[in-house]
Amino acid sequence: MARNVADAARKFLLLGQCVPTVKQNAAKIRVKRLELDENLLMYFKKDEFFYCHDPSKICKTGDIVLIQALPHKLTKLITHEVKEVVYPFGDVTDPVTGKKVAKERYREDIEAETKLYGKLDSTFDYNKAPPRGWQEGKKDFTSKPTYTKFHVFDENDPYAI
Amino acid sequence: MLRSVTSSIIQCRGIKHQVKIKWVRPEYVPSYKPEKSGDLEPISSFPPDTLGKDYALSEEIKDAPEAVKKIFSIAHLGQKEYNVLVKNDLMERVKRHKYDDHTSESRIARITGHIRCLQLTMEKYPKNVKAKQTCQELIDRRKQLLKFLRQYDYKKFEWILEKLNIEYKGHPETYNKLSRKESLRKLTEMHCDDIRNKKLNDYRNLLESQQGPFLKEKLEALKFIKSEQMELQLPVTVTDQDIKKVDKQLEEWKIKDEIKQQAKKKKRSVLLEDSE
């Protein structure tokens with residue numbers, strides 16, 4: 001019985017968010033859950049972290065992904081694998097209409113408004129924009145965790161603050 | 001119990017550490033400095049005879065005499081007009097339309113212009129507390145705006161970093177104060193990791209160098225067994241596939257080994273050149 005439950009639990013898919021990590025061959029996923037405090041009879045939020053196998057590097061920092069437990073542990077750390085990216089970070093699609101959204105407005109509407117005012121050359125164009133990741137490690141340092149600078153090394157690490 | 005007894009008998013305060021690690025405390029950098037705030041570009045420069053922003057729109061100034069133009073140039077109007085031009089220049093880079101001054105990109109651009117002006121002020125007058133305070137507030141505000149922009153529109157976020165020449169670094173997990181003990185601990189950990197990795201690498205190299213001779217031996221042995229079995233008319237247990245497999249492995253190893261040897265030679269030559 002217990003074994004069946006454990007097997008069933010292993011097949012569960014978990015929804016979590018990818019967080020920055022130093023590990024190069026794995027993704028670190030944070031799964032948010034609520035935990036019942038039996039004394040207070042109140043739920044408190046609890047974060048769990050899973051290191052997930054992601055050989056083709058489909059998920060980037062901030063993405064909401066589905067993960068599943070591996071049948072066997074890959075390493076001491078890596079216990080899960082990334083199934084699919086559900087919501088890519090910063091690229092929201094409205095589930096009802098299927099249109100792209102920026103904050104609380106459709107991108108179409110924003111563009112229409114800009115056209116009414118008179119579009120300039122400096123306007124940002126979504127169609128011409130390259131996919132996410134072209135500034136990674138150049139000006140956008142979010143893929144790895146930052147830390148307080150604690151020593152003067154020969155090479156300057158941009159992730160040290 | 002035992003630990004407390006041993007520590008009281010053996011004095012460990014005076015023991016010198018075997019590991020030679022020298023800790024260099026990173027120099028304090030004020031947070032308004034460009035390297036901390038993430039501004040990769042200095043303040044935009046204009047020639048001193050550029051007209052002020054509003055005066056340039058005037059019709060009369062176009063055919064006015066030189067002296068009048070000089071009066072309405074930024075060299076004459078002062079730093080305030082210059083700063084207006086700086087903000088305008090940055091906003092022009094990202095503006096959606098002519099009347100755009102409230103969208104996130106133009107706000108970030110305007111704040112960036114203001115920050116760069118204040119950084120210039122701070123360089124001239126490092127004791128100006130008001131400027132320092134405003135600068136810090138604006139840097140925090142800009143970081144917050146960039147954080148929000150990153151959350152709902154990643155493509156635009158990257159584009160704006162490129163256009164305005166700003167760096168964005170995420171917040172660290174904890175803002176702990178720098179201490180000697182913790183830094184030394186981290187350095188020692190790194191030192192230990194280095195030693196372990198070096199030993200592991202050496203052992204891997206040793207094992208890999210032994211692979212070639214072993215494979216050669218195995219190939220010969222397999223061939224010998226097969227010929228013997230054929231000769232004595234016993235059931236043949238060694239197939240051609242086995243031999244081919246070993247042959248393939250040996251060839252792969254040879255290619256790998258050659259690459260390694262070349263890398264070694266290169267390293268040696270570089271070292272020799274350096275010593276000369």
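This passage walks through a predicted model of two chains, A and B, beginning with the strands of chain A and ending where the two chains meet.

In chain A, a good place to start is the barrel. Five strands close up in the order S1-S2-S3-S5-S4, and their pairing is mixed. From one strand to the next, the twist averages 50°. Strand S1(A), residues 13-19, is joined to strand S2(A), residues 26-37, by three bridges, and the two run antiparallel. Within this pairing, A:Cys18 has A:Ile29 of S2(A) as its bridge partner. S1(A) also pairs with strand S4(A), residues 64-69, again in the antiparallel sense, over five bridges. Here A:Leu15 finds its bridge partner in A:Leu66 of S4(A). S4(A) in turn pairs with strand S5(A), residues 78-87, in the antiparallel sense over six bridges, and A:Gln68 stands opposite A:Glu81 in S5(A).

Between S2 and strand S3 (42-53) of chain A comes a loop that holds A:Leu41. This leucine has a positive phi of about 50°, although it is not a glycine. In general, most residues other than glycine have a negative phi. A:Leu41 counts as exposed because it has 7 C-beta neighbours inside 10 Å.

Chain A also contains an open sheet of three strands, ordered S6-S7-S8, with antiparallel pairing. Its edge strands are S6 (92-93) and S8 (105-106), each of which pairs on one side only. Strand S7(A), residues 100-102, is linked to S8(A) by two bridges, the strands running antiparallel, and A:Val101 stands opposite A:Tyr106 in S8(A). The loop between S7 and S8 of chain A is the place of A:Lys103, another residue that is not a glycine yet has a positive phi, of about 55°. A:Lys103 has 13 C-beta neighbours inside 10 Å, so it counts as partly exposed.

Helix H2(A), residues 107-117, is hardly covered: the count of buried residues among its 11 residues is zero. This helix is followed by A:Gly118, whose phi is positive, near 105°.

In chain B, the helices take centre stage. Helix H6(B), residues 104-124, has 21 residues, which at 1.5 Å a residue should span 30 Å; its end C-alpha atoms are 30 Å apart, so expectation and model agree. The buried residues of H6(B) include B:Ile108, B:Ala109, B:Ile111, B:Ile115 and B:Leu118, and also the charged residues B:Glu105, B:Arg110 and B:Arg116. Their cover includes H2, H5, H7 and H8 of chain B.

Helix H7(B), residues 129-152, can be checked in the same manner. Its 24 residues should span 34 Å at 1.5 Å a residue, and the end C-alpha atoms lie 35 Å apart, which agrees. Buried in H7(B) are B:Cys135, B:Ile139, B:Arg142, B:Leu146, B:Leu149 and B:Arg150. Many of these names are spaced in a way that recalls a general point: an α-helix has 3.6 residues a turn, so residues three or four places apart point the same way. What covers the buried residues of H7(B) includes helix H2 (34-37), H6, H8 and S1 of chain B.

The largest nonpolar core has 29 residues, and those touching the most other members are B:Ile108, B:Ala109, B:Phe157, B:Ile160, B:Leu161 and B:Leu164. The elements that give two or more residues to this core are H5, H6, H7 and H8 of chain B. A second, separate core of 11 residues includes A:Ala26, A:Ala27, A:Tyr51 and A:Ile67. Within the largest core, B:Leu164 makes a useful example: leaving aside its neighbours within four places in sequence, this leucine is in contact with B:Leu90, B:Arg93, B:Ile108, B:Ala109 and B:Thr112.

Finally, the two chains meet. In total, 35 residues of chain B are in contact with 33 residues of chain A. On the side of chain B, the elements giving two or more residues are H5 (79-94), H7 (129-152), H8 (154-164), S1 (168-169) and H9 (180-231). H8(B) gives the most, with eight residues. By character, this side of chain B divides into 15 nonpolar, five polar and 15 charged residues. Strands also cross the boundary: two bridges join S9(A), residues 140-141, to S1(B), and these strands run parallel. In this pairing, the bridge partner of A:Phe141 in S1(B) is B:Lys169.

Notes. Residues numbered from 1 in each chain as written. Chains lettered and ligands numbered in written order. Predicted model: local features only at pLDDT ≥ 70, side-chain atom pairs only at ≥ 80, totals over all residues. Contact = placed C-beta atoms within 7 Å. Helix = DSSP H or I, 4+ residues; strand = E, 2+ residues; numbered from the N terminus. Pairing = 2+ DSSP bridges. Expected span 1.5 Å × (residues − 1). Buried ≥ 20, exposed ≤ 12 C-beta atoms within 10 Å, placed from the backbone. Axes fitted to C-alpha atoms, helices over the stretch in contact; angles between N-to-C directions. Core = buried A, V, L, I, M, F, W, Y, C linked by C-beta atoms within 7 Å.
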